[in-house]
Structures are given as structure tokens and as C-alpha cells.
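Ready for a short walk through a protein chain? Open your viewer, keep the selection box handy, and follow along stop by stop.

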Amino acid sequence: MFAALAGWLRRQQIPCSEDAAIAPHLYFRIGGTVRLLVSPESGAQRLAVLQKLAAAPGVPWLVIGGGSNIAFSDGLTRAVVVLAPAAAPATGPRLEADGQALQVDGGMRNQPFLAWCAANGAGGLEFLSGIPGTLGGAAAVNAGAFGRSIADVLLGADIVDEQGNVRAVDAGHFAFRYRDSSFKLGRGAVLALRLRVTPADEAQIAGKARENLEYRLRRHPPYRLASAGCFFKNPLAAGVKTSAGKLIEECGLKETAVGDLAVAAEHANFLLNRGRGTFADLQRLEEKIRAAVAARCGIVLEREVIYVSEDGVKY
Ligand SMILES: Cc1cc2nc3c(=O)[nH]c(=O)nc-3n(C[C@H](O)[C@H](O)[C@H](O)COP(=O)(O)OP(=O)(O)OC[C@H]3O[C@@H](n4cnc5c(N)ncnc54)[C@H](O)[C@@H]3O)c2cc1C
């Protein structure tokens with residue numbers, strides 16, 4: 001079935017490769033090969049691929065945005081992985097007439113998007129400053145920082161559902177929770193988002209975005225090191241949101257390593273792939289941390305980062 005799909009993609013002139021390495025497409029650089037990797041060059045190609053996959057029963061598939069919150073198994077993942085279109089969307093973000101909302105393609109990267117927001121006086125999204133990835137990915141995981149997240153600003157979206165139907169949905173369709181939505185482990189795809197914005201001037205927006213980025217640069221490991229951001233969700237302890245990083249640090253686990261995977265010195269909730277880290281190493285380090293925190297604090301940490309099994313299932 002994968003070979004037949006690859007043949008169809010080639011006839012459509014949609015770039016794809018079989019048995020392709022996935023790690024180079026992931027910030028964490030963890031994963032083996034995937035049976036079919038598709039790299040649409042435009043929004044139209046992306047839609048054609050998603051509709052073809054939805055009509056191919058029994059073929060596991062998933063979409064990836066920036067690949068900044070996900071790790072794959074070490075072996076062969078028998079699935080089709082669809083990357084975000086490489087080229088900038090044909091239509092850039094569009095501010096609505098009243099200046100209170102905008103539309104943006106789900107494949108757009110957060111940082112160029114924020115630069116556009118500043119230049120166009122669209123404020124209120126500066127919490128995205130320094131969060132890698134795409135807006136579609138940010139919506140799927142309800143990304144956030146500084147006490148705000150996508151759930152606070154998403155008004156609606158155009159999606160492709162699992163049956164291949166293109167639909168306009170409202171924010172309720174995402175069933176947002178802390179770093180979670182119905183898309184995080186689901187299979188549909190977000191094509192475009194409609195976001196609430198607050199009119200502001202360019203200097204104010206750019207200044208806030210820079211301030212947020214500088215805060216992160218002071219406290220997080222350098223961006224050039226391979227990670228997926230915060231690995232565990234911040235847990236509730238006696239009903240109060242607690243820093244997972246602080247709990248891990250209190251267990252004395254900073255710089256603890258399994259193979260090439262290590263707890264960062266700068267922030268204990270960042271796990272770093274120092275070069276040749278494998279999925280197996282990652283799972284061993286994850287369990288070591290979870291066991292230590294559970295033993296010391298009685299709290300079982302929940303993973304924030306997404307794993308993909310060899311059957312192509314996100315979990
Ligand atoms: C250095 C660093 C710092 C980080 N800091 C933060 C932070 O402060 N806050 C935070 O929340 N996260 C943070 N992250 C994690 C990550 O950057 C965010 O979760 C980001 O929003 C993920 O977007 P992405 O496009 O890379 O998604 P991916 O990792 O590609 O995918 C994540 C999930 O979204 C799904 N998905 C991707 N695109 C779409 C789409 N178009 N439609 C439907 N589903 C889709 C995927 O199938 C997968 O389930 C950080 C990561 C790194 C490496």
C-alpha cells in the first residue's frame with residue numbers, strides 16, 4: 001500500500017521518499033526511518049495528500065509541523081508522515097477589517113509570523129516568541145508560555161478531518177486542555193487558523209517579543225542543542241501548578257545521562273540529545289526521572305512530548 005501511494009505521489013509530482021530518516025526533521029533528532037515521508041511544496045499539494053490518505057483505509061499517517069515536540073521510535077515506523085509545506089504559504093497572514101482578528105496558514109512558522117504581527121500592528125501573540133514550530137503544531141499541542149496559550153486566542157480554524165472533509169470549525173472543536181487538544185494525538189490536520197489579536201504599535205509588539213525571548217535565553221539551554229522543549233507537563237501538587245523542572249532538580253538529577261540523552265544543566269525539564277541519543281535511551285531516562293520524582297515527591301510526572309510508535313500511532 002505504501003508503494004502504491006508513493007507511485008501516486010510521484011505522478012502528482014509531490015516530493016516524497018520511501019524508508020526515509022525522520023531525525024533530521026525533528027528538533028530532538030530522535031527516530032529511525034519512516035515508511036513514506038511526504039514534503040508538499042504548497043498548500044494545494046498538502047490538501048491533495050491529506051485527502052488521498054483519508055481515502056486510503058488502514059494506512060497510518062500523521063502530520064508534522066516544525067517537529068519540535070515529537071520523537072519517533074528507533075526502528076522503521078510503518079506510517080506516512082506529511083511535513084508542513086516547505087515554501088511560505090501563497091497567501092500570508094490576513095488581518096480582518098476591524099483589526100481584531102487575523103487568518104494564518106497552519107504551516108507558517110511562529111517566528112516569521114510574529115515579525116509579521118509586529119509589522120502589521122497585531123498584538124497579543126507575543127507569548128509565542130521563542131517557541132519553535134508552526135502555528136498548526138502550536139494549536140495541536142496548545143502551546144504557550146508566560147501564562148498564555150493558543151487556547152486563549154484561537155477563534156476557529158479550517159481543518160481536514162479524518163474522512164478528508166475540509167471544514168471550518170470553532171475553537172470548541174479543539175477541546176483544549178493544558179498542552180493538549182483533540183489534534184495532539186488525533187489524525188486530522190489544521191490548514192489555517194483564525195486568531196484574536198489586539199491592535200498595538202510595532203515597537204510595543206516587537207519589544208514584548210524580544211523581552212520574552214531574552215527571558216528564555218537566560219533560563220533555557222541554548223537553542224542549538226537538540227531537545228523538544230519542556231519534556232514533562234507541570235503537575236498539580238495539592239491543586240497548585242508546580243514546576244516539573246524544580247521537582248527534577250530537587251531530586252539532584254541535573255546533568256544525569258543515559259547514553260547521549262541528558263538532563264540539561266540550565267533547566268531540569270529540558271532533556272538534551274547530545275548527539276547520538278536514541279529513543280530507547282530517552283525512554284530509560286524518562287523512567288529514571290519519573291521514578292525518582294515519584295519516590296521523593298509522590299507525584300507521577302506526565303510526558304508533554306509526543307512519541308510515535310513503530311505502527312505510526314502517536315502516544
Ligand atoms: C527549545 C524549545 C523550546 C520550547 N518551548 C516551548 C514553550 O515555551 N511552550 C510550549 O508550549 N512548547 C514549547 N516547545 C515545544 C514545541 O516547540 C511546541 O509544542 C510547538 O508548538 C510544536 O509545534 P510544531 O509545529 O513543531 O509541532 P510538531 O512537533 O511538528 O507536532 C506536534 C503535534 O502537533 C501535530 N501537528 C503538527 N502540525 C499540525 C497541523 N497542521 N495540524 C494538526 N496537527 C498538527 C503533530 O501531529 C503532533 O501531534 C519548545 C520546544 C523546543 C525545542
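Where is Gly252 found? Select Gly252 in this predicted model: Gly252 sits in the loop that joins α6 (244-250) to β17 (257-258). Switch on the surface and you can check that Gly252 is exposed, because its relative accessible area is 57%, and the cut-off for that label is over 50%. Now add Ala292 to the selection. Ala292 is 40 residues from Gly252 along the chain, and their C-alpha atoms are separated by 9.3 Å.

**Next stop: Asn269**

Select Asn269, in the loop between β18 (261-263) and β19 (271-273). Is Asn269 buried or exposed? Asn269 is buried, because its relative accessible area is 1%, with the cut-off set at under 20%. To see what surrounds Asn269, leave out the neighbours within four places in sequence and show its contacts: Gly229, Cys230, Phe231, Phe232, Asn234, Ala244, Gly245 and Ile248. Zoom in on Phe232, whose backbone oxygen lies 2.9 Å from a polar atom of the Asn269 side chain.

**On to helix α1**

Select residues 2-11, which make up helix α1. Which residues of α1 are buried? Colour Phe2, Leu5, Ala6, Gly7, Trp8 and Leu9 to pick them out. While you turn the view, keep in mind that an α-helix has 3.6 residues a turn, so residues three or four places apart point the same way. Next, show what the buried residues of α1 pack against: β1 (16-21), β2 (33-38), α2 (43-54) and β5 (76-83). Then step past the end of the helix to Gln13, which follows α1 and has a positive phi, near 60 degrees.

**Zooming out**

Clear the selection and show the whole chain as a cartoon. You should find seven helices and 20 strands. The radius of gyration is 20 Å, close to the 20 Å from the globule rule for 315 residues, so the chain is as compact as a globular protein of that length. Along the principal axes, the C-alpha trace spans about 55 × 50 × 35 Å.

If you like contact maps, draw one: among contacts with a separation of 6 or more, 64% are between residues 24 or more positions apart. Of the 315 residues, 53% count as buried. The accessible surface comes to about 13800 Å², and carbon and sulfur atoms account for 52% of that area.

For a last view, colour by charge. There are 35 positive and 30 negative side chains, and the centres of these two sets lie 2 Å apart.

Methods. Residues are numbered from 1 along each chain as its sequence is written. This is a predicted model: local features need pLDDT of at least 70, side-chain atom pairs count only at pLDDT 80 or more; totals for chains, interfaces and linings use all residues. Side-chain values use heavy atoms; hydrogens and water are left out. Helices (H or I, at least four residues) and strands (E, at least two) are DSSP runs, numbered from the N terminus. The radius of gyration is taken over C-alpha atoms; the globule rule is 2.2 Å times the number of residues to the power 0.38. Buried means under 20% relative accessible area, exposed over 50%, partly exposed in between (1.4 Å probe, protein chains only). Contact means heavy atoms within 4.5 Å. Accessible areas come from the Shrake-Rupley method with a 1.4 Å probe; for residues, only the protein chains shown count as cover. Lys and Arg count as positive and Asp and Glu as negative; His and the chain ends are not counted. The place of a charge is taken as NZ of Lys, CZ of Arg, CG of Asp or CD of Glu. A polar contact is a pair of N or O atoms within 3.5 Å; within protein, one must be able to donate a hydrogen and the other to accept it, and residues adjacent in sequence count only if both atoms are side-chain atoms.
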